[in-house]
Amino acid sequence: MLNLIQTEFLKLRRRKFIWLMLLASILMPLIGIFYFSASGTAEISPMKFYKWTAFSYTPWIILPIVLGMLCTMLMYDENQNDMLKQLWIIPISKMRYFFSKFAIVFFYSICFMLFASVGSILAGVLTEIISLTADSVLFLFIKCLEIGILVPFAMIPVLAVAASQKGYILPVCVTIVYTFLGFILLMINMYIHPLSSMTAILVRNIQGVDLIAPIHLGKAFLCIGIWGIVSTVWANCMLKKRK
């Protein structure tokens, strides 16, 4: 398993587009600079600034779409080069193959959110929009780490779809629909869609964020767990059918 993960990391060196996608992590900090500069507000709390730059659209939309694209690329390249046929000949366990891809998505997600946290701090301090405090910085890094860990588990269904397909069109379409559906269902029922449940977990202790109903952490984790297990089993079945 560790050899597979190491191989996946080595292959990333040839994929420049994956590194370019990290730039999306500083999109909201840049927008935050223009938004708060234009608002002309004299004093802005670090928490209010971070809610814009790191806790809003980044975990809800930007990161899920980026991870969906990453899942698609990780699976599609090997289908294009017929590398899967060579792997099955060795042979390699289908589940080890699947979880080696998940490990890449997991580490990439953490790096993405750490970039977002550093970008938020630099955007706030260099433009003098906020004044840093130790508590606010610690909260930002812990919350970004929490986001980076949770979102990959909520994206397992997309990884399963990418593993079941030889092409990239369906996984890309599923990524977009899946992401925006999670955003919409957050306001209807937080415990149906994994991304909605993930968002409910994340905002539970962020000041000034109110949802339509009290947050039930057990239901949220159960939703993510059920979707993850079902998707993994389905991906295993689909990979076994592949030749």
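Contact here means heavy atoms within 4.5 Å. With that in hand, welcome to this predicted model.

**View 1. The protein chain is built from helices.** There are 12 helices and 0 strands to find here. Follow the sequence along and you will read α-α-α-α-α-α-α-α-α-α-α-α.

**View 2. How the chain holds together through contacts.** Take the contacts in the protein chain with a separation of 6 or more: 77% of them come from residues 24 or more positions apart. Of the 243 residues, 49% count as buried.

**View 3. The overall dimensions of the protein chain.** The C-alpha trace spans about 65 × 40 × 30 Å along its principal axes. A compact globule of 243 residues would have a radius of gyration near 18 Å, and the 19 Å of the protein chain agrees with that.

**View 4. The surface and its charges.** About 12,300 Å² of the protein chain is exposed, with carbon and sulfur atoms supplying 70% of it. Look also for the 19 positive and 9 negative side chains; the centres of these two sets lie 16 Å apart.

**View 5. Helix H9, residues 156–164, is largely enclosed.** Why is helix H9 described as largely enclosed by the rest of the structure? Because 9 of its 9 residues are buried. The run begins with Ile156, Pro157 and Val158, continues through Leu159, Ala160 and Val161, and closes with Ala162, Ala163 and Ser164.

**View 6. The neighbours of helix H9.** Which helices do the buried residues of H9 pack against? They meet helix H5 (57–80), helix H7 (94–126) and helix H8 (134–154), along with helix H10 (169–185) and helix H12 (217–241).

Definitions and conventions
Residues are numbered from 1 along each chain as its sequence is written. This is a predicted model: local features need pLDDT of at least 70, side-chain atom pairs count only at pLDDT 80 or more; totals for chains, interfaces and linings use all residues. Side-chain values use heavy atoms; hydrogens and water are left out. Helices (H or I, at least four residues) and strands (E, at least two) are DSSP runs, numbered from the N terminus. The radius of gyration is taken over C-alpha atoms; the globule rule is 2.2 Å times the number of residues to the power 0.38. Buried means under 20% relative accessible area, exposed over 50%, partly exposed in between (1.4 Å probe, protein chains only). Accessible areas come from the Shrake-Rupley method with a 1.4 Å probe; for residues, only the protein chains shown count as cover. Lys and Arg count as positive and Asp and Glu as negative; His and the chain ends are not counted. The place of a charge is taken as NZ of Lys, CZ of Arg, CG of Asp or CD of Glu.
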